[in-house]
Amino acid sequence: MNNKQLNSAKKVFTEKKDFPLTTIKEMFDDGDIISQPDYQRDFVYDDIKASKLVESALMGIPIPTIYLCEEHDGTFSVIDGQQRITSFVKFLRNEFKLKRLEELSNLNGKYFRDLDKTTQRILKSTSLSTIILTKESEELKYEIFARLNQGAIALTPQELRNCIYRGTFNDFLEDIA
């Protein structure tokens with residue numbers, strides 16, 4: 001690529017922010033976060049998958065980066081992370097109870113309101129790392145959405161089992177296969 005082509009290429013302007021879940025919920029409730037812009041699919045996480053996400057946050061497991069686009073009116077549309085944001089908001093609103101947790105099984109069957117105050121504070125203060133596409137780059141949101149979603153290749157069931165069930169027996173099965 002020569003300098004002329006590089007200079008005429010579209011430039012992406014972003015800023016990085018970390019938002020606590022309480023702020024995410026407030027923005028969501030106030031309509032400042034548009035979770036389902038026209039290019040987004042519907043919410044598809046079930047309560048089990050959403051519960052695992054909440055459990056991950058409570059365990060301190062980093063949650064993947066959220067991508068937002070700052071719209072001309074100052075609202076933020078979700079480019080990537082709609083399932084994660086909506087899951088957290090629904091849990092903080094007491095719209096589902098935790099189920100099938102393995103590591104924090106004592107929390108199974110509990111809504112947010114049922115958690116002890118310390119656990120509630122941990123969850124409310126958990127921050128989501130976000131990259132915000134600023135207004136100057138708003139027209140690129142579709143391009144970025146496509147690029148983020150085209151590159152993902154789901155693990156096969158066996159690749160997932162290899163990760164979950166490590167050890168000598170799994171090594172033995174791999175050898176005989």
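Colleague: Hi! Is helix α4 (residues 82–92) largely enclosed by the rest of the structure or open, and why?
Modeller: Hi! This is a predicted model, and in it helix α4 is largely enclosed by the rest of the structure, because 10 of its 11 residues are buried.

Colleague: Nice. Which residues of α4 are buried?
Modeller: Starting from the front of the helix, the buried ones are Gln82, Gln83, Arg84, Ile85, Thr86, Ser87, Phe88 and Val89, and then Phe91 and Leu92.

Colleague: And what do the buried residues of α4 pack against?
Modeller: Quite a list! Among the helices there are α2 (21–29), α3 and α5 (117–125). The strands are β3 (66–70), β4 (76–80) and β5 (127–133).

Colleague: What happens just after α4?
Modeller: There you meet Asn94, which takes a positive phi of about 65°.

Colleague: Okay, new topic: charges. How many salt bridges does a search of the whole structure find?
Modeller: The search finds nine. As background, side chains of opposite charge can pair when their charged atoms come close.

Colleague: Which residues are linked in a network of salt bridges?
Modeller: Five residues take part in that network: Lys25, Asp29, Lys90, Arg93 and Glu95.

Colleague: Let's look at single pairs. What does Lys52 form a salt bridge with?
Modeller: Its partner is Glu55, and the closest N and O atoms are 4.0 Å apart.

Colleague: Where do those two, Lys52 and Glu55, sit in helix α3?
Modeller: Helix α3 covers residues 47–58, and Lys52 and Glu55 are separated by about one helical turn because they are three residues apart in it.

Colleague: Is Glu55 buried or exposed?
Modeller: Glu55 is buried, with a relative accessible area of 4%. Lys52, on the other hand, is partly exposed at 29%.

Colleague: Now back towards the start of the chain. Which side chain meets Glu15 in a salt bridge?
Modeller: That would be Lys17, with a distance of 3.6 Å from N to O. Glu15 is partly exposed, with a relative accessible area of 35%. Lys17 also counts as partly exposed, at 35% relative accessibility.

Colleague: What about Lys16, which residue forms a salt bridge with that one?
Modeller: Asp18 does, and the closest N and O atoms of that pair are 3.6 Å apart.

Colleague: And is Lys16 buried or exposed?
Modeller: Lys16 is exposed, with a relative accessible area of 57%. Its partner Asp18 counts as partly exposed, at 49% relative accessibility.

Colleague: Thanks, that helps a lot!
Modeller: Happy to help!

How values were computed: Residues numbered from 1 in each chain as written. Predicted model: local features only at pLDDT ≥ 70, side-chain atom pairs only at ≥ 80, totals over all residues. Heavy atoms only, no water. Buried < 20%, exposed > 50% of the residue type's maximum accessible area, 1.4 Å probe, protein only. Helix = DSSP H or I, 4+ residues; strand = E, 2+ residues; numbered from the N terminus. Contact = heavy atoms within 4.5 Å.
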